[in-house]
Amino acid sequence: MNSPAVLEQLINALRCLPGVGPKSSTRMAYHLLQRDREGAQRLAASLQQALDKLAYCDYCNNFSEHAVCSVCQDHHRDKSSLCVVEMPTDLMMLENTRSYQGQYFVLMGKLSPMDGIGPKDIHLDKLLKRAQDALVEEVILATNFTSEGEATAHYIGQMLKSRGIKVSRIARGLPMGGEIEYVDSGTLSTALLERKIVT
Ligand code: ZN
């Protein structure tokens with residue numbers, strides 16, 4: 001027996017989520033339709049709302065409802081340091097440490113030639129422009145300590161240094177292969193504090 005076309009469509013649409021294959025997308029679709037229709041409504045509405053209202057902040061490239069996000073608008077923050085992270089979750093982790101008061105730039109990814117993700121895909125033009133702001137004195141590379149995160153940090157480090165910008169890399173307080181998202185605040189604070197200038 002064939003499923004109704006709209007059901008098939010929903011199952012296929014759910015497969016756009018990372019790590020979701022045919023089996024789990026089918027399970028999700030059944031769950032939403034059978035057990036949680038209210039949740040499904042909320043999901044549909046918030047997804048639409050997010051798509052309509054969220055764009056990238058002009059300065060830090062994080063998601064924002066306004067042209068400039070609340071972090072970049074905050075006048076109390078230190079304009080002299082710019083911390084580069086892979087994802088908004090990493091920014092949140094750094095904010096939670098309460099030990100960093102500077103600005104951010106969110107790459108929204110990392111260099112990953114295997115997946116066809118190159119410099120253009122992680123907004124390096126925008127980063128370069130941001131890093132060349134007269135107020136920025138140091139760029140701190142806080143990408144993950146995975147091989148791709150390291151390669152990304154290396155690439156950006158070289159790119160900025162060749163333009164005379166001071167660059168540092170957060171310290172290896174993080175475990176090998178360490179992802180910022182999973183590190184406790186204390187370790188992350190130390191990694192930030194003990195950052196090394198990239199030479
Ligand atoms: Zn911003």
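**Exercise 1. Locate Leu 54 in the chain and describe its surroundings at the surface.**

Leu 54 is found in the loop between α3 (37-53) and β1 (55-56), where helices (H or I, at least four residues) and strands (E, at least two) are DSSP runs numbered from the N terminus. The model is a predicted one, in which local features need pLDDT of at least 70 and side-chain atom pairs count only at pLDDT 80 or more, while totals for chains, interfaces and linings use all residues. Residues are numbered from 1 along each chain as its sequence is written, and side-chain values use heavy atoms, with hydrogens and water left out.

The next step is accessibility: Leu 54 counts as partly exposed because its relative accessibility is 37%, given that buried means under 20% relative accessible area, exposed over 50%, and partly exposed in between (1.4 Å probe, protein chains only). Finally, Leu 54 joins Tyr 56 and Phe 63 in a nonpolar patch on the surface, and together they have about 280 Å² of accessible area. Such patches are made of residues with over 30% relative accessible area and no salt bridge, with like charges joined within 9 Å and nonpolar side chains (Val, Leu, Ile, Met, Phe, Trp, Tyr) within 5 Å; the areas come from the Shrake-Rupley method with a 1.4 Å probe, and for residues only the protein chains shown count as cover.

**Exercise 2. Place Glu 65 and find its contacts.**

Glu 65 lies in the loop between β2 (63-64) and α4 (70-73), and with 56% relative accessibility it counts as exposed. Leaving aside residues up to four places away in sequence, Glu 65 touches Lys 53 and Leu 54, contact being heavy atoms within 4.5 Å. From C-alpha to C-alpha, Glu 65 and Ala 50 are 8.8 Å apart in space, although 15 residues apart in sequence.

**Exercise 3. Which residues are the protein donors of the zinc ion, and what geometry has its site?**

Begin with the donors, which are N, O and S atoms within 2.8 Å of the metal (3.2 Å for Na, K and Ca); water is not among the atoms, so sites may look incomplete. The SG atoms of Cys 57, Cys 60, Cys 69 and Cys 72 lie 2.3 to 2.4 Å from the zinc ion, and in sequence these donor residues are spaced C-x2-C-x8-C-x2-C. The angles among the four donor atoms are 106 to 117°, and the site is tetrahedral, a label given to four donors if all angles lie between 85 and 135 degrees. Cys 57 and Cys 60 are both buried.

**Exercise 4. Examine salt bridges that join separate parts of the chain.**

The structure holds five salt bridges, each a side-chain nitrogen of Lys or Arg within 4 Å of a carboxyl oxygen of Asp or Glu.

1. Lys 110 pairs with Glu 148, their closest N and O atoms being 3.7 Å apart. Lys 110 lies in the loop between β4 (103-106) and α6 (124-131) and Glu 148 in helix α7 (residues 147-161), so the pair ties together parts that are 38 residues apart in sequence.
2. Glu 138 pairs with Arg 195, with 2.8 Å between the closest N and O atoms. Because Glu 138 lies in strand β5 (residues 138-141) and Arg 195 in the loop between α8 (185-193) and β7 (196-197), this pair ties together parts 57 residues apart in sequence. Glu 138 counts as buried at 10% relative accessibility, whereas Arg 195 is partly exposed at 31%.

Technical notes. Tetrahedral: all angles 85-135°; square planar, octahedral: opposite > 155°, others 65-115°.
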